[in-house]
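Ready for a little practice at reading a protein model? Take a look at the sequence and structure below, then work through the exercises.

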Amino acid sequence: MSSPISIADLQDTALIARLQALVAESPVPAAAISAVLYTLQDARGYIDDVALHAAAQLTGLSPVRVEELCTFYSLVLRAPAGRHVLRICDSIACHLAGAQDLLAQAQAYSGVALGEVGLRGALTVVPHVCIGLCDRAPALLVDGEAAGPVDATSLAQWLEQWEADAWKPS
Ligand code: FES
């Protein structure tokens with residue numbers, strides 16, 4: 001039987017120290033969960049199972065609860081993502097302003113399903129809940145930066161740039 005995943009499996013002492021400091025600064029360990037998850041995601045690209053179990057151990061939450069919170073926090077990624085992450089708001093104001101067309105355009109360009117890595121590793125497209133730019137619908141997050149209103153032409157410019165980058169020799 002394999003041993004359970006532990007914090008040490010992160011294999012990054014600086015990261016572990018940063019996470020422990022976040023928990024220590026928190027009034028109760030569980031309150032640090034979002035900061036712990038986003039710090040882990042910044043360091044590892046997404047929340048893999050090692051990161052999930054480490055977050056659970058650090059905060060005293062069960063792995064099942066942390067998994068639920070990963071679903072709740074819409075910026076948390078549970079799978080590898082492309083170098084650029086396009087989060088297109090599909091809540092009501094953006095939906096009415098054409099978000100579904102933008103989602104379809106971006107997904108078609110990526111060549112893969114929503115949430116998967118396409119365009120030679122360059123792009124992941126995901127729908128997202130309201131990002132608070134309803135007055136600028138349709139809105140989206142481009143690598144965490146808010147933008148809106150976005151139309152098919154401006155979206156195409158990002159996509160074409162990322163496609164060009166994807167084909168550049170590394
Ligand atoms: S509904 Fe899209 S930003 Fe609020």
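**Exercise 1.** At which residues does UniProt place the feature "binding site"? Find them, then see how they sit in space.

Solution. This is a predicted model, where local features need pLDDT of at least 70, side-chain atom pairs count only at pLDDT 80 or more, and totals for chains, interfaces and linings use all residues. Residues are numbered from 1 along each chain as its sequence is written, and side-chain values use heavy atoms, leaving out hydrogens and water.

Step 1: the unreviewed UniProt entry puts the feature at C89, C94, C130 and C134; such annotations may be inferred rather than shown by experiment.
Step 2: they spread over 46 residues of sequence, yet they cluster in space, with a largest C-alpha distance of 9.3 Å.

**Exercise 2.** Is C94 buried or exposed? Work out the answer, then do C130.

Solution. Step 1: C94 belongs to helix α5 (residues 92-96), a DSSP run of H or I with at least four residues.
Step 2: C94 has a relative accessible area of 3%, so it's buried (under 20%; exposed is over 50%, partly exposed in between, with a 1.4 Å probe and protein chains only).
Step 3: neighbours within four places in sequence aside, C94 is in contact (heavy atoms within 4.5 Å) with residues including C89 and P138.
Step 4: C130 sits in the loop between β3 (123-128) and β4 (140-142), strands being DSSP runs of E, at least two residues.
Step 5: at 38% relative accessible area, C130 is partly exposed.
Step 6: with the same neighbours within four places left aside, C130 is in contact with C89 and S91.
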